[in-house]
Structures are given as structure tokens and as C-alpha cells.
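Colleague: Could you take me through one strand of this chain, step by step? I am new to this, so please explain the terms as you go.

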Amino acid sequence: MISSYLPVSIIAATAKFLPHRQVMPAYVILIYLAAAMLFALSLKWLSSPKTARWGVLAGEIGMAAAIIATLFLPEVRHYDWIFIAFAIAIAAALPMALLIPMTAVPQQIALFHAFGALAAALVGTAEYYAHGASLGTSTLVAIGFESLLGYLTFTGSLVAAGKLQEILPTQPMNYPFQNVASISVLGASIIAGAMVVVIPANPLVFPIFIALCLLFGVMLILPIGGGDMPTVIALLNSYAGLSASAMGFVLNNKLLIIGGALEGSSGFILAMIMCKAMNRSFINVLFGQVQAGKAAKSDDIYGGNIKSVNAEEVAAILDGARRVAIVPGYGLAVAQAQHAVGQLFELLESRSVDVQFGIHPVAGRMPGHMNVLLAEANIPYDHLMEMDRINPEFENMDVVIVNGANDVVNPDARDNPNSPIAGMPILNVDKAGTVIVIKRSLSSGFAGIPNPLFAAKNCLMYFADGKKAVLDIIAELEKL
Amino acid sequence: MNPSLESNLFVFALAAFLGYEVVRRVSPQLHTPLMSLTNAISAISVVGAIAVTGAGHNTTMVVVLGTIAVTASMINVVGGFLMTDRMLKMFKKRKSQ
């Protein structure tokens, strides 16, 4: 009799020492392994536009397989709420993904970051409330990281999306002792997180911890201005991934660790590239306030040196050009001018003019923003040139058209060591034969400094809306 | 150090390194789809959300938090992949003519 009880009692005894989660069936582990490999392959295929869509397919197959395998886990017993959640999610995601205009992609990506981070944070919270003080120290530490990153990315991404959608002011919002306040809140969140680990049974520490993390997310992003958004979006991308990865540590699930780590390192690389393209550090982007700058007064630079042109004159200049470069900036997105620029590209190409696009890494509001807009306007991707490739070409260009860009073509960054943006790599458009700048006025860009390019001998200003100007140039050019 | 934490740390470090090496090779033209694709992939956290929700710990709070988490991460999955593909579809070489 005793022997027949024995296995039961052994199971009962060992159950206390096992992690609270059941052992996964082998087939689920194998499917998760396949999914992890498909995710790695997915990013590898993204390296070139030729194979990129295969990459999406690989990711989708991996994701679908992992979700289906999870639904068959023995511990998953209740399906009603899961399927209700699926239905709501699909109904909400389809219009977001398929109807949003390409100019609104930055805020949409920020919203997706918010959703992903919220999910990670809530799962950490649910784990805490399901098992509480019975969790081991390392699991509690992982829940701390998951919640900190998840909640701060959630509110931070919502603020970023609000700024990008211009619901919130896009200007940097500064107040006295701002950095002291932000760092104090971060410090308090970390202390609260440590208390969750030390005294997990205390009912007050976890809610306080959550509130502090949510508050820090808002305080971190609110002071950051629109021009720094590419770095911030990339950084939030990284945090969203790291929170998912921390969740993998909490649930002891290696697929989550891998999926999150891939996004974590990707976002980190992008943020590094953005910082390098602005010659700034992370710390400076996050905590540095925009300097007032010791740049020369705009009157001294512009006074009497601005030459203004109209569409007819621009068309005449383009009529004689053989090689033309177009440099887009955030203004192009604001004016929704990408399709007009696409038409101008077609027209010039049909007149056997060689047209290239010069794209600065931080042009726009997220990494790669301009490429997506120009691809939408049917411009073949082999004409979209990154900064290092097009810079040596400018001296051979007859005409450069700058549309909606300012600081990224400011020669002061290269020539004037006292400029607030000194050392920032720029597109050397001033080396070209003629530069035509399409701009509404002489107002300064995000850096808040005048641009000596506008007063240069070879520069002509076309004061107009970015889209209307291009359409007028096309109309005049078609007459010639 | 408990054995699962040890193997998890190894997996994390190697996956982060793999991500770094793979992402470094992505063309700057595709940086926006890259962000959107990696974000969709990290929404694999839906798997954890399903496990927590489906286990039904007889605590309303856990089920509520879990259901919201499944919804949020599933929006991230569906929206992320569809939007990435929509963007990549636009990247074309020369037109056929």
C-alpha cells in the first residue's frame, strides 16, 4: 500500500520546490525553438529590400506557430477571455495598420510600443498578484525590471505619440530643476522596486512602484522636442524589447527572452546611429536642454544676401540641369509633399535628368522616415541615397533642391566650431552648382539657429508651401 | 545561482549579440520597417499573457490584467506585422516599363 502512495507523495513533495509553472511539453519547446530561429531569419532577410517581405512572412509564421502551441499548453485551461481579447485586438489593429497614412507612421509605431510595453508590465503585475511573496528573489528582480521598463515605456510612448500627433506641444517643455525632478523620480522608482523584492508581502509597495514608473515615463519624454524624436522612438523601441525580455525571465520562457532581446538590441543600435548623426550623446538627448546658442544673429547673416526665386525661374534652371539631387526633411512630411516630389522625379527622369535623393539619418521624426514616404511616392529605392554615399556626389550636381530640411544642411555644423551644432554630420549641399531651398519663411529649424546656406552665393530661396511649390515647378517645367 | 536563471542569462546575452550583428547589416533605407518588425516580434510576449490568463488563478484581478495584456500584445502582433508589410510593399526597384 505504501509503495502505491510513494510516487504521489514524491510528486507532492517535489512540487513545492518546482517553479510554479508546469514543465512544458516537448513539442511546445520544439515549436518555440523553431519560432526563435524564424525570428532571427526574419531580421536577416530584412537586410535588403529584395528579401525584406520574406522576412515579414518568416516572422508571421514563427509568431502564429508560437501562439497556437501556447494555446495547447496544459496549464492553459480557460479560453473565453483569451478569444474575446483576440477579437478586440484584431478589430482594433486592422484599421490602425491598414488605414493610417504614411505620414502618421511615427505616432503609430509609438502607439505599438505603448501596447507591447503595457502587456509586458501587466503580465509582471499579474504574476506578482498571483504568486506574490512565494516568488523567488531572482523572479521578483525580473518582475521589477519588467514593470519598470514596461510602465515607463507605456506612458513615455503615449507622450511621444501625443507629441508626434501634435496633441501635445512638440516644443521641448522645460521647467526649473527638471533634471533633478526626473532623476529623483527614477531613483524613487528604483528604491520602490528594491522594496518589492525585499518585502514582497507588503500590500503598498507594488502600487507605489507602478505609480512612480508611470510618472517617470511621462517626465522622461515630456521635455524632449520634436527634432529629437528619432532618438527617443528608437530608445523606447529598445525599452519595449527589454521589458518583453524581462518577462521571459519571469515566466522562464526563452522564446520571450530572444524576441525581446532582438528588439532591445535593434532599438539600441538605431538610437546610437541617431545620436551619432546629431553628434550628441544619449544623456544629452534625454537630459540636455536645447542650448540658447552663440550663433550669429540672423540679421547679420541674411541681411541683403537672400535671393528669392519663383516657379518659372526654378523650372528654367532645372531645364538646363543634367544631375539633380533632392534633399527632403520633416517639412516634406508636414506638407504631405511626397507624391508631388514623386511626380517631379518622374518628369525629370523622362527628360533624362539623373535624379538622386540625399537622406540624412535624422531627417523626419523617426529613423528611416523619409525613405518610407518616398517609397510611397513610387520612387525606386536605388535612388534613395544615405548621407555617406551622396556627400561626395554633391560637387558634381548641377542643382540641389532642399525641401523641408534645415539643420541637416547647415554648413555651420561643418565650418563654425562655435556653432551649437558644430560637429554634426551634414549633407554638403552647398558644394553643388545651384541650391534651391523650398521653405515657407526664413524661420529657423529645430536647433533654433540661422542657416548661412540661405545667404550663400549659389543658393536661391523659393518661399512657398513644400507641396504647392513642387506642383508649380512641375507645371512650369511642362511648358518648356 | 539557480539553473534556469543561469541558462536564461546565457540565452539573453547571445540573443542580444545575434540581434546586434543582424541589425547592423540592415540598410538604413529600411530603418522604419526594422523598428516596426522588431516591435511585432517582441510582441511574442502575447505567449506569456496567454499562459497567465488561461491558467485562471481564480483571482479576478489576474484574469482582468491578463486579458488586457493579451489584447494589448495581440494589437501589437497583428498591427505590427501588417504595417511592416504595408511599408515594405512600397519599396520597389525600377518600374517594369
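Modeller: Happily! From strand E4 of chain A, the residues A:Val399, A:Ile401 and A:Asn403 point one way, while A:Val400 and A:Val402 point the other way, and all are buried. In a regular strand, side chains alternate between the two faces of the sheet. "Buried" means that 20 or more other C-beta atoms, placed from the backbone, lie within 10 Å of a residue's own (12 or fewer is exposed, in between is partly exposed). E4(A) covers residues 399-403 and is mostly covered, with five of its five residues buried. Strands (E, at least two residues) and helices (H or I, at least four) are DSSP runs numbered from the N terminus.

A word on the source: this is a predicted model, where local features need pLDDT of at least 70 and side-chain atom pairs count only at pLDDT 80 or more, while totals for chains, interfaces and linings use all residues. Residues are numbered from 1 along each chain as its sequence is written, and chains are lettered from A and ligands numbered from 1 in the order in which they are written.

Now for the neighbours. Two strands pair if DSSP finds at least two bridges between them. Strand E1 (residues 323-328) of chain A pairs with E4(A) in the parallel sense over five bridges, and here A:Ala325 stands opposite A:Val400. Strand E5 (residues 434-439) of chain A also pairs with E4(A) in the parallel sense over five bridges; in E5(A), A:Ile436 is the bridge partner of A:Ile401.

Stepping back, six strands of chain A form an open sheet with parallel pairing, in the order E3-E2-E1-E4-E5-E6. Strands E3 (384-386) and E6 (459-463) of chain A stand at the edges with a single partner strand each, so one side of each has no neighbour in the sheet. Neighbouring strands are turned by 25° against each other on average, direction ignored. Helix H16 (residues 369-376) of chain A packs on the sheet, touching E1, E2 (354-359) and E3 of chain A, and its direction makes about 145° with that of E2(A). Contact means C-beta atoms, placed from the backbone, within 7 Å; axes are lines fitted to C-alpha atoms, for helices over the stretch in contact, and angles run from 0 to 180 degrees between N-to-C directions.

Key
Two residues are in contact if their C-beta atoms, placed from the backbone, lie within 7 Å.
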